[in-house]
Amino acid sequence: MRDVSRLPGAYDHHWEWQLEAACRQVENTLFFHPSGERRAAHKAREEAAKAVCADCPVRIECRRHALATREPYGVWGGLSEDERYLLLAPRHRQSAA
C-alpha cells in the first residue's frame, strides 16, 4: 500500500469562498451574456449582475480568482470582461494607443 501522508491533500479550502457567494441565489445567465445580446440589454444585464456582486461577502475573493485565472467570460467580483482585460493588460493597452 502506498504512503499517502506526503500527498498534498484536498484543495477544497481554495474554493470554499464560493459557498458564500451571493450569485448562488441568482440564475447564472445574469452573469454571462448570450449570443447576439444588444448593447442596451448587455448594459442592463451587466449592471444587474454587478448589483448582486456589490453586496456579496466574497466579492474580493471572487475578483482575485477571476484575475488570477484570467477568466475570459462573465461578471466576476463586480468586474466585467472588459474591465478585467483593462486591469490585466495595461502594457498592451498603452502600446495600442
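These legends go with a set of close-up views of a predicted model.

**View 1. The largest pocket and the residues that line it.**
Welcome to the largest pocket, which holds about 290 Å³ of space. Its lining is made of 18 residues, and those closest to the centre are Ala21, Cys23, Cys62, Val75 and Trp76. If you are looking for the helices here, α1 (39–54) and α2 (59–68) each supply at least two of the lining residues. By class, the lining of this pocket has 13 nonpolar residues, three polar ones and two charged ones.

**View 2. The second largest pocket, with its lining from Arg39 to Asp82.**
Here the volume is about 210 Å³. The residues to pick out are Arg39, His42, Lys43, Glu46, Glu47, Ser80, Glu81 and Asp82, which line the second largest pocket. Two or more lining residues come from each of α1 and α3 (81–88). The biggest contribution is that of α1, with five residues. Six residues of this lining are charged and two are polar, while no nonpolar residue takes part.

**View 3. The largest cavity, with Phe31, Phe32 and His33 in its lining.**
How many cavities of 30 Å³ or more does a search of the whole structure find? The search finds one. About 30 Å³ of space lies in the largest cavity. Besides Phe31, Phe32 and His33, the residues lining this cavity are His42, Arg45, Glu46, Gly74, Val75, Ser80 and Glu81. With three residues, α1 provides the largest share of the lining. The classes here are three nonpolar, four polar and three charged residues. If some of these names look familiar, that is no accident: His42, Glu46, Ser80 and Glu81 line the largest cavity and also line the second largest pocket.

**View 4. The largest nonpolar core, a set of seven residues.**
Take a moment to find the members of this core: Trp17, Ala21, Cys56, Val58, Cys62, Ala66 and Trp76. Val58 is a handy place to begin, as its contacts include Trp17, Glu20 and Ala21, leaving aside neighbours within four places in sequence. Of these partners, Trp17 and Ala21 belong to the largest nonpolar core themselves. Another core, of six residues, lies apart from the largest one, and its members include Leu30, Ala49, Val52 and Val75. Three members of the largest core, Ala21, Cys62 and Trp76, are also among the residues closest to the centre of the largest pocket. Val75, a member of the six-residue core, is another of those closest to that centre.

Key. Residues are numbered from 1 along each chain as its sequence is written. This is a predicted model: local features need pLDDT of at least 70, side-chain atom pairs count only at pLDDT 80 or more; totals for chains, interfaces and linings use all residues. Side-chain values use heavy atoms; hydrogens and water are left out. On a 1 Å grid over the protein atoms alone, a cavity is a set of points where a 1.4 Å probe fits but cannot get out, and a pocket is an open set with protein on both sides within 12 Å along at least five of seven lines; lining residues have an atom within 4 Å of a point. Grid points are joined across faces, edges and corners, and a volume is the space filled by probe spheres set on the points. Helices (H or I, at least four residues) and strands (E, at least two) are DSSP runs, numbered from the N terminus. Ala, Val, Leu, Ile, Met, Phe, Trp, Tyr, Cys and Pro count as nonpolar, Asp, Glu, Lys and Arg as charged, and the others, Gly among them, as polar. A nonpolar core is a set of buried Ala, Val, Leu, Ile, Met, Phe, Trp, Tyr and Cys residues joined through side-chain atoms within 4.5 Å. Buried means under 20% relative accessible area, exposed over 50%, partly exposed in between (1.4 Å probe, protein chains only). Contact means heavy atoms within 4.5 Å.
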